[in-house]
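Student: Hi! Could you walk me through this one with me looking at the picture?
Tutor: Sure, let's have it on screen and go piece by piece.
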Amino acid sequence: MIDYYEELGAEEQRKVTDAIRKLYRQTFLLERRYDRKTGRYQVNGDYYPCSKHLEFVRAYFAIMDIQVVENSQMGVIYIQGEQVMGEKLSRLATFYILALKLIYDEQMSAVSTSVNAVTSLGEIHEKLGTYRLLLKQPSVTEIRRTLALLKRYQLIEPLDVLEEMDGQSRLVIYPTINVVLMGEDVRALINTYGEEAEEDDQSEL
């Protein structure tokens with residue numbers, strides 16, 4: 001494995017090292033990401049070095065008992081395993097991920113020509129309201145903090161400035177949402193949180 005890396009040129013070594021760091025820090029590497037400045041999807045410079053040297057990258061992470069998975073159809077490379085320690089999600093972040101997955105699946109079933117979907121903050125809250133998961137409006141600070149977290153992990157890309165977010169603010173939902181939550185996981189979480197919401201309602205009577 002070391003021999004393989006040392007045989008690469010200095011520039012290629014730098015690209016592979018940067019890609020590995022990004023993958024470990026972010027969990028996901030997207031092939032294309034939305035660039036708000038140009039209004040277009042741009043190639044992610046870390047994706048292709050990782051894909052090109054995937055066997056080396058897999059061997060590197062295998063030392064830590066971490067698997068590297070490439071889904072070329074979705075255009076995403078991600079890591080998984082017990083050693084992958086993500087941040088502890090807040091209740092609101094968990095709810096947002098649930099809503100994003102539901103909206104993503106709905107849009108993908110209607111349109112098969114894209115792997116990305118677009119929603120709005122208002123639609124997310126409406127979806128959560130439908131399942132009675134969001135019983136009170138979260139604070140602006142809490143919303144911004146949650147969206148910043150989901151952006152950092154490449155689950156979404158806000159099309160508007162976070163500081164100016166309102167109900168009409170649009171968000172790109174990346175296909176990485178499929179890696180975080182499967183359909184059965186969504187139903188289980190909705191049932192769990194739905195039961196908790198009913199208990200909260202009864203306790204307030």
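Student: Which strands does helix 6 lie across?
Tutor: Helix 6, residues 121-130, lies across strand 6 and strand 8. Its direction is at about 80° to strand 6. Keep in mind that this is a predicted model.

Student: And what does helix 5 lie across?
Tutor: Helix 5, residues 91-110, lies across strand 6, strand 7 and strand 8. Helix 5 runs at about 130° to strand 6.

Student: OK, the sheet now. In what order do the strands come?
Tutor: The order is 6-8-7, in an open sheet of three strands with antiparallel pairing. Strand 6 (117-120) and strand 7 (156-158) each have a single partner strand, so one side of each has no neighbour in the sheet. On average, neighbouring strands are turned by 30° against each other, ignoring direction.

Student: How many bridges join strand 6 to strand 8?
Tutor: Four, and strand 8 covers residues 170-173. As an example, A117 has I173 of strand 8 as its bridge partner.

Student: Switching topic: at what angle do helix 5 and helix 7 cross?
Tutor: Roughly 60°, with their axes coming within 10 Å. Angles between 35 and 65 degrees count as oblique, so helix 5 is oblique to helix 7. The crossing is right-handed.

Student: Which residues make that contact?
Tutor: From helix 5, L92, A93, Y96, I97 and L100; from helix 7, E142, I143, T146, L147, L149 and L150.

Student: How do they divide into nonpolar, polar and charged?
Tutor: Nine are nonpolar, one is polar and one is charged.

Conventions. Residues are numbered from 1 along each chain as its sequence is written. This is a predicted model: local features need pLDDT of at least 70, side-chain atom pairs count only at pLDDT 80 or more; totals for chains, interfaces and linings use all residues. Side-chain values use heavy atoms; hydrogens and water are left out. Two strands pair if DSSP finds at least two bridges between them. Helices (H or I, at least four residues) and strands (E, at least two) are DSSP runs, numbered from the N terminus. Axes are lines fitted to C-alpha atoms, for helices over the stretch in contact, and angles run from 0 to 180 degrees between N-to-C directions. Contact means heavy atoms within 4.5 Å. Angles under 35 degrees count as roughly parallel, over 145 as roughly antiparallel, 65 to 115 as roughly perpendicular and the rest as oblique. A crossing is left-handed if the near helix is turned anticlockwise from the far one by less than a right angle, and right-handed if clockwise. Ala, Val, Leu, Ile, Met, Phe, Trp, Tyr, Cys and Pro count as nonpolar, Asp, Glu, Lys and Arg as charged, and the others, Gly among them, as polar.
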